[in-house]
Amino acid sequence: MISIDNAFSILEDTVSPLKEMEVSLLEARNHVLAETLYSSINMPPFRQSNMDGFAICIHDLLLYTIVGEVKAGDIYSEELQPGQAVKIFTGAAVPDSAQAVIQIEKVTITNTQLLLQENIKLETNIRQIGAQISKADVALTINTFLNAAAIGFLAGLGFTSVKVYKKPTVGIVVTGNELVSAGDFLPNGKIYESNAIMLQTALYNGNFEVVSLYKIKDDFESTKTILRKAILENDVVLVSGGISVGDYDFVESALKSIEVETLFYKVNQKPGKPLFVGKQKDKIIFALPGNPAANLTCFYIYVLPTLQRRSGIESSYVSKQSKTITHDFIVDNSRCQFLKALVVADQVTLLSHQDSSMLDTFALSNALVYLPNGNYKLIKGDKVVVYTI
Ligand code: AMP
Ligand code: MG
């Protein structure tokens, strides 16, 4: 059994980003950029009106003559003389011969005459060429996460494809003779299988959508066969259950027999002591305990940061967040603990039903509180380390 610090540092040393790939901008969403991108255009590319109003060629008087209009997308090709104005719309190109745009709400119009209330400063309401970004400047640097705004920004600069780090595909292998699918008859002695859909949901929430499911009975030969297949077909494999010390827990022996190298097995933590992590070439295999709350806790603490690191996100296993506990709590445990908790603002409350088989309060929690092992008392107002989930 190893400490969580050792487990974290083994993973930190092992997990690196997958290779890069060129994809369309749409496919690049929610990926991490694997190259620094430079803009090939000025943005905006021309002097752009920031308002619906009038572009004016300034003279000493407040009265102007309207000589035409310029819609978004059009160019006004004639040269304005001092005292002349053209009607203009947001986003339209301001004629080179105009020095300002006056917004429509601030003028009085009589036929073709335009009366300003006061003099207007040069370049008012004009977005300057390259105000957002100049041609050849850095648009986004390598390792930037491509969220919706980033994708929109790049599209606005004319990018159609970019290089990103590949995101891992994930296989979920569920073990257990006692499991039946929700919707089926529940015979005595059986329970509904719930870890697959739970992990799938947690993966989806983390932007990992390419997921394959495999189900196996507690049987050595089929465990071996399916694990081999799942490792072949995915970048990361999550096995659920069958990793404890029971006579019908075949996952560890099956992984060994198909030559998965053990990175660590059993961690001094609660829940999730039987956690196994191994690798085979560049594939990473997690065997998570079957108890649902232990399963999901190990997902958040170990699996999610691993998937993020594999996708190029600089994610850490060690939480730096701390919150104030709202109540006293006695710790008396040789294992460190991850406890279901609710964070509100900068305060955190531990919830009931901490048992690793129970999800009811996990469903209401938004954090796991990390408590080091030992024998000590937390006092209301103390700071504790928190993993927000
Ligand atoms: P195991 O890790 O296989 O020893 O399972 C530990 C506990 O978790 C047992 O009570 C199992 O019935 C339960 N369990 C295992 N896998 C699942 C699953 N996929 N869905 C719900 N409960 C499970
Ligand atoms: Mg089992």
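1. Let me start with one of the sheets: six strands make up an open sheet, ordered 7-4-6-5-9-8, with mixed pairing. Strand 7 (100-103) and strand 8 (107-110) are its edges, each pairing on one side only. From one strand to the next the twist averages 35°. On terms: helices (H or I, at least four residues) and strands (E, at least two) are DSSP runs numbered from the N terminus, and two strands pair if DSSP finds at least two bridges between them. Axes are lines fitted to C-alpha atoms, for helices over the stretch in contact, with angles running from 0 to 180 degrees between N-to-C directions.

2. Before going on, the ground rules. This is a predicted model, where local features need pLDDT of at least 70 and side-chain atom pairs count only at pLDDT 80 or more, while totals for chains, interfaces and linings use all residues. Residues are numbered from 1 along each chain as its sequence is written, chains are lettered from A and ligands numbered from 1 in the order in which they are written, and side-chain values use heavy atoms, with hydrogens and water left out.

3. Back to that sheet, and to strand 5 (residues 63-70), which holds E69. Strand 5 runs antiparallel to strand 9 (residues 113-116), and three bridges join them; L63 has L115 in strand 9 as its bridge partner. E69 has a relative accessible area of 43%, so it is partly exposed (buried means under 20%, exposed over 50%, partly exposed in between, with a 1.4 Å probe and protein chains only). Leaving out residues up to four places away in sequence, E69 touches Y76, V86, K87 and F89 (contact means heavy atoms within 4.5 Å). For a sense of scale, the C-alpha atoms of E69 and F250 are 78 Å apart, with their positions 181 residues apart along the chain.

4. Another open sheet of six strands has the order 16-13-17-21-20-18, again with mixed pairing. Here the edge strands are strand 16 (211-216) and strand 18 (261-265), each paired on one side only. Neighbouring strands are turned against each other by 20° on average, direction ignored. Inside the sheet, strand 13 (residues 170-175) and strand 17 (residues 236-240) run parallel and are joined by five bridges; V174 sits opposite S240 of strand 17.

5. Two helices lie across this sheet. Helix 1 (residues 4-14) crosses strand 18, strand 20 (276-280) and strand 21 (283-288), and runs at about 150° to strand 18. Helix 5 (residues 220-233) lies across strand 13, strand 16, strand 17, strand 20 and strand 21, at about 175° to strand 16.

6. Helix 7 (residues 292-310) is worth a look in the viewer. A kink of about 45° is centred on F299 (the bend at a residue is the angle between axes fitted to the seven residues ending there and the seven starting there). The helix is mostly covered, with 17 of its 19 residues buried. After helix 7 comes G312, which has a positive phi near 95°.

7. On to the rings: there are 10 aromatic pairs (rings of Phe, Tyr and Trp, the last by its six-membered ring, pair if their centres lie within 6.5 Å; planes under 30 degrees apart are stacked, over 60 edge-to-face, the rest tilted). F338 and Y370 make a tilted pair, 5.5 Å centre to centre with 40° between the planes. Because F338 belongs to strand 24 (residues 336-344) and Y370 to strand 26 (residues 367-371), the pair ties together parts 32 residues apart in sequence. F338 counts as buried because its relative accessibility is 2%, and Y370, at 18%, is buried too.

8. F338 also pairs with Y387, edge-to-face this time, at 5.8 Å centre to centre and 75° between the planes. That links strand 24 with strand 28 (residues 383-388), the two residues being 49 apart. Y387 has 11% relative accessibility, so it counts as buried.

9. Strand 28 also pairs antiparallel with strand 22 (residues 322-325) over three bridges, where S322 has V385 as its bridge partner. Strand 22 pairs in the parallel sense with strand 25 (residues 347-350) over two bridges, and I325 stands opposite V348 there.

10. Two last ring items. F8, F264, Y302 and Y317 form one aromatic cluster. K167 lies over the face of F208, 5.6 Å from the ring centre (a charge sits over a ring if NZ of Lys or CZ of Arg is within 6 Å of the ring centre and within 35 degrees of the ring normal).
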